[in-house]
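Hello,

Here is the structure I promised to pass on to you. Please open it beside this email and follow along as you read.

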Amino acid sequence: PQANIGVVGMAVMGSNLARNLASREGNTVAIFNRSYEKTQTVLDEHPEAGFVPASTYEEFAASLQKPRAAIIMVQAGRGTDAVIDELVKVFEPGDIIVDGGNALFTDTIRREKAVRETGINFVGAGISGGEEGALNGPSIMPGGSDESWVTLGPILKSIAAVAEGEPCVTHVGHDGAGHFVKMIHNGIEYVDMQLIGEAYDLIRRGTGKSPAEIADIFAEWNTGELESYLIEITAEVLRQNDAETGTPLVDVILDAAGAKGTGAWTVQTALDLGIPVSGIAEAVFARSLSSKPAQRAGASSLPGPSTTVSVDDEAAFIEDVRRALYASKIIAYSQGFDAIVAGAEQYGWDIKKGDIAKIWRAGCIIRAQFLNRISDAYEEDSSLVALVLAPYFRDAVEGAQEAWRRVVVHAVQAGIPTPAFSSSLAYYDGIRADRLPAALIQGQRDFFGAHTYKRIDKDGTFHTLWSGDRSEISAVDAH
Ligand code: 6PG
């Protein structure tokens, strides 16, 4: 056997990852695809890669050095299970099967458990960075056993993106931890994109600037604290003109956002964990709202504000939007990391938050300068109760909050929907509030369902006899 790593699935992501692996010193890559035709195409197009092709799973296994390691790069779902079944037949105890797709982490937990019974290691690895990242260096989030990491670690480090000299890969935690963290990455990706969309909309409708002019603003922002891949590509997209009509491309693209489901998974999971990822939820819902053309057409006659609000000082308004975007982004990450902490606790994973921030600095879609600040924050205080409380972020939000409020007020008065900006601000005001109306909710719950409440001034659980004399009793007495 000549190959030290194999890749199953020769669609774009798989072949790019295989080419990336082959381009690194010391790797020889075995490749397999369900139909050999595709394997042949990849071989023909990339003779430089020195791929070891296989036309059957037996041949594939025979071409791999032990312990064998193979990365599955097929459409997430049933296809993955089918490939795992085949690999389990030809692999041996100690070998490693990696799923590099966007699998739901609970599926990964299930698969890991089933495969482990055969003595084979199963690793769910989140891989971010799209086609380009797969080819030149993605951010990789592997879960799975410690044993598998011994073999996989050096291989994955060889292909990962590099941030300040460090490869963007770490052993995230056992079984589904890697796919869990990748899911949260995608949730943050959703809210980051939504916030940028809202910033663009506010500036366009508030100042009447053209997409190309707004592209310049984003390019400028990309030189400061907002520097990130998503801000960078936003400028690119806004600058693009449609070849056919000559108008800005953004004006001819149908305004109905697609989604493959990972954002929704993040929200569903966070609901189960009881973690408010309100920014991500708003981002997912904003995509859903955009994609209901009949409803939107029907509702387009509904009235908006009767008075028009105008922006007097454009430069000041744009700076306010920039600050509001930064503050909202801090909240989005704070919420995302809260979900990671809760997931780790629920599923028994030892996830190092600072390391996650580090491996997101390059290669992945949410890559940003800002992630250095997050890893610093967790390195300084790993028990931080909320990221936004770290000194750097606290200062940043303090400096931005007045602007943030002005922007949300403007949006509300002008009738511009900013669900992510607004909900992030509401979350911020919620966590910092001395008293919340949750006390009233507890009273209501006790009223209609004797659900009981606790008091601020003494221990115990209480119930008011609402339909009796309205005296309070200790809840052990309440039915
Ligand atoms: C990545 C991305 C990627 C995701 C796409 C599309 O990290 O490379 O998260 O995995 O599939 O961004 O996602 P949606 O179609 O749901 O927008």
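Below is what I found, starting with the sheet and ending with two pairs of helices. Please keep in mind that this is a predicted model.

**The sheet**

Let's begin with the strands. Seven of them form an open sheet, and their order across it is S3-S2-S1-S4-S5-S6-S7, with mixed pairing. At the edges you will find strand S3 (52-53) and strand S7 (139-142), each of which pairs on one side only. Next to the S3 edge, strand S2 (residues 29-32) pairs with S3 in the parallel sense, over two bridges. If you would like a place to look, find Ile31, which stands opposite Pro53 in S3.

Two helices pack on this sheet. Helix H5 (residues 105-116) touches strand S5 (96-99) and strand S6 (121-128), and its direction makes about 150° with that of S6. Helix H8 (residues 177-207) touches S5, S6 and S7, and its direction makes about 15° with that of S6.

**Strand S6 and its partners**

How many of the residues of S6 are buried? Eight of its eight residues are, so the strand is mostly covered. Asn121, Val123, Ala125 and Ile127 point one way from S6, while Phe122, Gly124, Gly126 and Ser128 point the other way.

S6 has a partner on each side that you can trace. S5 and S6 run parallel and are joined by four bridges; here Ile97 has Phe122 in S6 as its bridge partner. S6 and S7 are also joined by four bridges, but they run antiparallel. In that pair, Ile127 has Ile140 in S7 as its bridge partner. The residues of S7 are buried too: Ser139 and Met141 point one way, and Ile140 and Pro142 the other way.

**A closer look at Val98**

Val98 is found in strand S5. Is this residue buried or exposed? Val98 counts as buried because its relative accessible area is 2%, and the cut-off for buried is under 20%. Leaving aside neighbours within four places in sequence, Val98 is in contact with Ala70, Ile71, Ile72, Val123, Ala125 and Leu152. You can also compare sequence and space here: Val98 and Met73 are 25 residues apart in sequence, and their C-alpha atoms are 8.8 Å apart.

**Two pairs of helices**

Two packed helices are described by the angle between their axes and the distance between the axes.

Let's take H8 again, this time with helix H9 (residues 211-221). They pack at an angle of about 130°, with their axes 11 Å apart, which makes H8 oblique to H9. Their crossing is right-handed. On the H8 side the contact is made by Ile196, Ala199, Tyr200, Ile203 and Arg204, and on the H9 side by Pro211, Ile214, Ile217, Phe218 and Trp221. Those residues divide into nine nonpolar, no polar and one charged.

The other pair is helix H12 (residues 278-290) and helix H18 (residues 419-431), which pack at an angle of about 160°, with their axes 9 Å apart. H12 is therefore roughly antiparallel to H18. The crossing of H12 and H18 is right-handed. Ser278, Gly279, Glu282 and Ala286 in H12 meet Pro419, Ala420, Ser423 and Tyr427 in H18. What kinds of residues make up the contact of H12 with H18? They divide into four nonpolar, three polar and one charged.

Enjoy exploring, and write back whenever you like.

Best wishes

Notes. Residues numbered from 1 in each chain as written. Predicted model: local features only at pLDDT ≥ 70, side-chain atom pairs only at ≥ 80, totals over all residues. Heavy atoms only, no water. Pairing = 2+ DSSP bridges. Contact = heavy atoms within 4.5 Å. Axes fitted to C-alpha atoms, helices over the stretch in contact; angles between N-to-C directions. Parallel < 35°, antiparallel > 145°, perpendicular 65-115°, else oblique. Left-handed = near helix turned anticlockwise from the far one by under 90°. Nonpolar A, V, L, I, M, F, W, Y, C, P; charged D, E, K, R; others polar. Buried < 20%, exposed > 50% of the residue type's maximum accessible area, 1.4 Å probe, protein only.
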